[in-house]
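Dear colleague,

Please find below the structure that I am handing over to you. My findings follow it, arranged by region so that you may read them beside the model.

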Amino acid sequence: MAEIPWKSLSEAYGFLGNSLLAPMTMTASVGLDMHFWEAFPTFEDQGISNAVAACERWTQAASLRAEESDEDLIERCAVEYTRLFIGPPSPLAPPWETMYRASNVSVGFGQATFEMRQLLREAGLELRNENRQYEDHMGIELLYLSDRCRWLSGDPVGGVDARQKLASFIDDHPLDWIEPFRDCVEEQSPYGYFSHILLVTQCLLKWHRAELSAL
């Protein structure tokens with residue numbers, strides 16, 4: 001039985017999750033470095049490889065445009081983040097699962113929030129909620145995955161059961177709503193930084209879920 005590279009997977013989810021939880025002016029800007037994407041793990045999957053290559057191309061093109069126009073690229077990405085995920089008056093692409101579970105939902109707090117709250121509690125994770133984010137934020141769901149992958153990297157007793165629970169989590173939570181979320185981001189910010197981040201995320205989730213099925 002082939003083993004999943006849990007440590008690399010944990011690091012990838014960690015980067016993607018953190019990228020969605022705060023504007024680039026408040027977090028690392030490594031996603032704007034083409035060399036970072038050259039080294040990003042693709043797990044020998046064509047879908048992930050294509051998405052990562054698209055990030056490389058975007059970074060190179062955006063950097064060239066920024067140099068020509070004397071634009072601060074970090075600030076540009078921070079503005080994009082704010083427009084999409086914060087507002088005002090409201091986020092153009094709400095980053096909470098609840099908003100995608102049914103049509104015409106206008107409040108970002110619902111059953112998915114409670115489900116994620118319970119999962120975090122069971123994992124012994126505490127949400128430091130400085131940004132007042134609901135627990136079903138895509139970034140938090142990815143950081144939960146990062147933590148579970150890190151835990152599984154030690155191949156603890158009961159790992160098979162943990163893998164099954166992880167597969168169910170991916171199905172029921174991030175993979176279930178990332179496509180409409182990414183579509184919304186793409187519609188509001190065509191060819192932006194975050195549509196590329198979410199494409200990598202979606203491809204990674206699909207690959208990870210397939211690998212769990214093969215175990």
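Which helix gives the largest share of the lining of the second largest pocket? It is α7, from which seven residues of that lining come. Please bear in mind throughout that the model is predicted.

**The second largest pocket**

This pocket has a volume of about 350 Å³. Its lining is made up of 17 residues, and those closest to the centre are Leu119, Tyr144, Arg148, Ala162 and Lys165. Two or more lining residues are given by each of α5 (111-122), α6 (138-152) and α7 (159-172). Sorted by class, the lining has eight nonpolar residues, six charged residues and three polar residues.

**The cavity**

One cavity of 30 Å³ or more was counted. The largest cavity has a volume of about 30 Å³. Its lining consists of Gly31, Trp37, Cys55, Trp58, Thr59, Tyr193, His196 and Ile197. The elements that give two or more residues to this lining are α3 and α9. What classes of residue does the lining of the largest cavity have? Five are nonpolar and three are polar, while no charged residues are found there.

**Aromatic pairs**

Two of the residues that line the cavity, Trp58 and Tyr193, also appear among the ring pairs. The structure holds 18 aromatic pairs. In one of them, Trp58 and Tyr193 are tilted, with 5.4 Å from centre to centre and 50° between the planes. This pair links distant parts of the chain, since Trp58 belongs to helix α3 (residues 46-69) and Tyr193 to helix α9 (residues 193-214), 135 residues apart. Both Trp58 and Tyr193 are buried.

Why is the pair of Tyr193 and Phe194 edge-to-face? The ring planes of Tyr193 and Phe194 stand at 85°, with the centres 5.0 Å apart, and planes over 60 degrees apart count as edge-to-face. Tyr193 has a relative accessible area of 4% and is therefore buried; Phe194, at 1% relative accessibility, counts as buried as well. Ring pairs join Tyr193 and Phe194 with Trp58, Tyr81, Phe85, Tyr100, Trp177 and Phe181 in a cluster.

**Between helices α3 and α9**

Ala51 is placed in helix α3, and Thr201 lies in helix α9. How far apart are the C-alpha atoms of Ala51 and Thr201? They are separated by 8.9 Å, although the two residues are 150 residues apart along the chain. Ala51 is buried, at 2% relative accessibility. Once residues up to four places away in sequence are set aside, Ala51 touches Leu199, Val200 and Cys203.

Thr201 is likewise buried, with a relative accessible area of 0%. Apart from neighbours within four places in sequence, Thr201 is in contact with Leu16, Leu142 and Ile178.

**Helix α1**

One of those contacts of Thr201, Leu16, is among the buried residues of α1. This helix covers residues 6-19; at 1.5 Å a residue, its 14 residues should span 20 Å, and the end C-alpha atoms are indeed 20 Å apart, so the two values agree. The expected span is 1.5 Å times one less than the number of residues.

Is α1 mostly covered or mostly open? It is mostly covered, with 10 of its 14 residues buried. The buried residues are Trp6, Leu9, Ser10, Ala12, Tyr13, Gly14, Phe15, Leu16, Gly17 and Ser19. They pack against α2 (34-38), α4 (73-85), α6, α7 and α9.

**The loop between α2 and α3**

Pro41 lies in the loop between α2 and α3. Is Pro41 buried or partly exposed? Its relative accessible area is 27%, so Pro41 is partly exposed; residues count as buried under 20% and as exposed over 50%. Leaving out its neighbours within four places in sequence, Pro41 is in contact with Ser8, Ala12 and Ile48. Of these, Ala12 is one of the buried residues of α1. The C-alpha atoms of Pro41 and Leu204 are separated by 9.8 Å, with their positions 163 residues apart along the chain.

Yours sincerely,

A colleague

Definitions and conventions: Residues are numbered from 1 along each chain as its sequence is written. This is a predicted model: local features need pLDDT of at least 70, side-chain atom pairs count only at pLDDT 80 or more; totals for chains, interfaces and linings use all residues. Side-chain values use heavy atoms; hydrogens and water are left out. Rings of Phe, Tyr and Trp (its six-membered ring) pair if their centres lie within 6.5 Å; planes under 30 degrees apart count as stacked, over 60 as edge-to-face and the rest as tilted. Helices (H or I, at least four residues) and strands (E, at least two) are DSSP runs, numbered from the N terminus. Buried means under 20% relative accessible area, exposed over 50%, partly exposed in between (1.4 Å probe, protein chains only). On a 1 Å grid over the protein atoms alone, a cavity is a set of points where a 1.4 Å probe fits but cannot get out, and a pocket is an open set with protein on both sides within 12 Å along at least five of seven lines; lining residues have an atom within 4 Å of a point. Grid points are joined across faces, edges and corners, and a volume is the space filled by probe spheres set on the points. Ala, Val, Leu, Ile, Met, Phe, Trp, Tyr, Cys and Pro count as nonpolar, Asp, Glu, Lys and Arg as charged, and the others, Gly among them, as polar. Contact means heavy atoms within 4.5 Å.
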